[in-house]
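Here is a short report on a predicted model. Sequence and coordinates come first, then the notes.

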Amino acid sequence: MNKQLVAFEQIGISFNGRTLLDGIDMSISEGEIVTLIGPNGSGKSTLIRILLGLQAATSGEVVRHKTLRIGYMPQKLHIDPTLPLTVKHFLALVRGVDKHQILPTLETLGIAHLIHSQVHVLSGGETQRVLLARALLNKPNLLVLDEPVQGVDVNGQVELYNLIEGIRDELGCGVLMVSHDLHLVMAKTDTVVCINQHVCCSGSPQHVTGHPAYQALFGVPGADESIAIYAHQHDHVHGEHGSILSGDDDTHANCNH
Amino acid sequence: MLDLLFRALLGGLGVAAVAGPLGAFVVWRRMAYFGDTLAHSALLGVALGFLFDINLNLAIIVLCVGLALVLVMLQKKHIIATDTLLGILAHSALSLGLVAVSFLDNIRIDLMAYLFGDLLAISQTDVYWIYGGGLAVITLLVVFWKPLLAMTVNEELAKVEGYPVEAIRLLLMLLVALVIAVAMKIVGVLLITSLMIIPAATARKLSKTPVQMASMASLIGCLSVCGGLWASYQWDTPTGPSVVVCAAFLFLIAYTLPIQRLKYFNN
């Protein structure tokens with residue numbers, strides 16, 4: 001059994017009487033890729049921020065292993081255009097970084113040629129890789145990736161997910177990912193946790209996609225995505241089964257089995 | 001006369017050298033209005049200094065630092081939008097300063113000199129203050145350069161990587177307060193921010209790294225002081241505004257003439 005890096009125990013957070021998260025239980029171990037999914041406003045990012053220590057939970061506890069060292073890749077990078085900054089200088093800002101590691105890390109990620117580029121002119125995919133490099137240079141045993149493929153085209157997304165899986169295999173670190181994209185990410189994930197204020201369902205990708213709570217939020221796999229994903233912003237109904245699927249899902253209901 | 005000019009030049013160069021790198025941070029972090037607010041409150045410091053008969057430089061520093069701390073606290077409480085808060089504080093402090101000055105009947109204050117600066121009125125003690133304070137600021141900047149820059153680039157990343165972000169943010173505000181306190185003699189409360197921002201903005205055009213921009217800003221600031229002083233000597237113009245006009249002129253040159261365009265791409 002791999003070492004457990006982080007465990008959320010009954011994490012809850014509420015603002016002005018509005019509950020953002022409630023009773024979240026979840027854990028991540030070394031070598032495990034956990035993907036957090038959920039609709040907009042479901043509290044995914046809030047949960048990540050609690051883990052990173054950027055926000056305090058109002059109830060519950062985050063149990064961190066004493067060796068825990070996080071490499072964080074934010075959703076996007078905004079650097080004021082008045083600040084001239086090359087990729088190399090950006091990466092040299094990592095606290096206690098070994099500067100000799102910068103180039104090899106960039107090589108691993110296939111962006112060594114960008115080392116002297118200004119950070120403002122990178123494409124979406126390049127920016128994500130530079131951010132990943134920064135996370136790696138912090139020598140993490142847990143990578144926290146907030147929507148790592150945002151603004152990247154489909155081919156680039158597949159490449160990035162492959163890269164992340166490769167890093168996990170090489171470093172043996174745990175990976176916690178927040179994702180919108182269900183299909184691509186599923187293939188690379190050990191555990192999927194679907195949240196919407198609370199944990200709706202969790203388990204292997206196959207288990208979760210078959211779960212009615214998941215289907216209520218994201219539709220039936222194989223159904224028309226453009227309609228099914230995010231078509232249902234309402235909370236799912238506890239204990240209900242097929243009855244919460246909407247009309248257009250019914251027509252495809254057979255595809256699931 | 002030459003002695004006077006030399007002292008003015010010495011003081012001006014000292015201030016410009018420090019204002020440059022700090023101005024870069026003010027530009028990067030969009031703190032211009034914050035700088036203005038502190039600067040405007042400096043006049044109140046002068047009035048209080050006269051009133052309680054304490055060293056003026058000290059009075060200004062204490063007031064600026066105090067106001068910076070109050071600002072940080074108020075900002076955290078999110079009572080009101082930051083720019084509104086700054087607007088209220090800036091102009092209340094300036095007005096309060098003017099009102100306080102009017103109560104000082106028995107002391108004649110050259111208000112114009114405090115508002116717009118008078119490089120030629122610089123005393124030997126002022127030069128010591130400028131170089132003492134300047135040295136302290138530069139030393140702190142060099143020592144804390146990496147955390148300051150890491151926080152400026154991305155506060156959340158810096159925090160996750162273990163930088164003490166809150167403390168560093170406070171340090172930066174204190175540094176700005178310190179620079180404003182020592183610089184107000186030179187260009188006055190209304191023009192200090194420009195001496196920080198304009199050279200830094202000019203330097204942006206010519207630099208590829210943060211260190212380059214910071215040092216270039218120092219250099220451009222020093223050039224502006226020389227130019228302004230020379231113009232003031234030549235045409236008998238007010239020194240503070242002359243320095244700012246000179247800085248603005250250099251800015252225009254940098255952005256209109258096709259000199260070494262910043263190369264965004266690889267080499």
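## Membrane spans of chain B

Residues 239-257 of chain B are 95% helix and 0% strand. The C-alpha atoms at the two ends of this span lie 27 Å apart. UniProt, in an unreviewed entry, lists residues 239-257 of chain B as a "transmembrane region". The record gives the feature to further spans of chain B, including 6-28, 40-73, 85-107 and 168-201.

Take residues 168-201 of chain B. Helix accounts for 88% of the span and strand for 0%. Its end C-alpha atoms are 23 Å apart.

## Overall build of chain B

What does chain B consist of, in helices and strands? The count is 12 helices and 0 strands. Read from the N terminus, the order of elements is α-α-α-α-α-α-α-α-α-α-α-α. Chain B has a radius of gyration of 18 Å, and the globule rule gives 18 Å for 267 residues, so chain B is as compact as a globular protein of that length.

The C-alpha trace of chain B spans about 60 × 50 × 30 Å along its principal axes. Of the 267 residues in chain B, 48% are buried. Contacts reach across the sequence. Among those between residues at least 6 apart in chain B, 75% join residues at least 24 apart.

## Strand E5 of chain A

Now to chain A. Strand E5 covers residues 70-73 of chain A. In a regular strand, side chains alternate between the two faces of the sheet. Are the two faces of E5(A) covered or open? Both are covered. A:Ile70 and A:Tyr72 are buried on one side. A:Gly71 and A:Met73 are buried on the other.

E5(A) has a partner in strand E6 of chain A, residues 142-146. The two strands pair in the parallel sense, over 4 bridges. Within this pairing, A:Gly71 stands opposite A:Leu143 of E6(A).

## A:Leu20 and its surroundings

A:Leu20 belongs to strand E2 of chain A, residues 18-29. Why does A:Leu20 count as partly exposed? The reason is its 18 C-beta neighbours inside 10 Å. A buried residue would need 20 or more, and an exposed one would have 12 or fewer.

Leaving aside residues up to four places away in sequence, A:Leu20 touches A:Ile13, A:Ser14, A:Phe15, A:Gly43, A:Thr46 and A:Gln197. A:Pro212 lies 192 residues from A:Leu20 in sequence. In space, the C-alpha atoms of A:Leu20 and A:Pro212 are 22 Å apart.

Technical notes: Residues are numbered from 1 along each chain as its sequence is written. Chains are lettered from A and ligands numbered from 1 in the order in which they are written. This is a predicted model: local features need pLDDT of at least 70, side-chain atom pairs count only at pLDDT 80 or more; totals for chains, interfaces and linings use all residues. UniProt positions are given in the numbering used here, feature names are shortened, and annotations may be inferred rather than shown by experiment. Two strands pair if DSSP finds at least two bridges between them. The radius of gyration is taken over C-alpha atoms; the globule rule is 2.2 Å times the number of residues to the power 0.38. Two residues are in contact if their C-beta atoms, placed from the backbone, lie within 7 Å.
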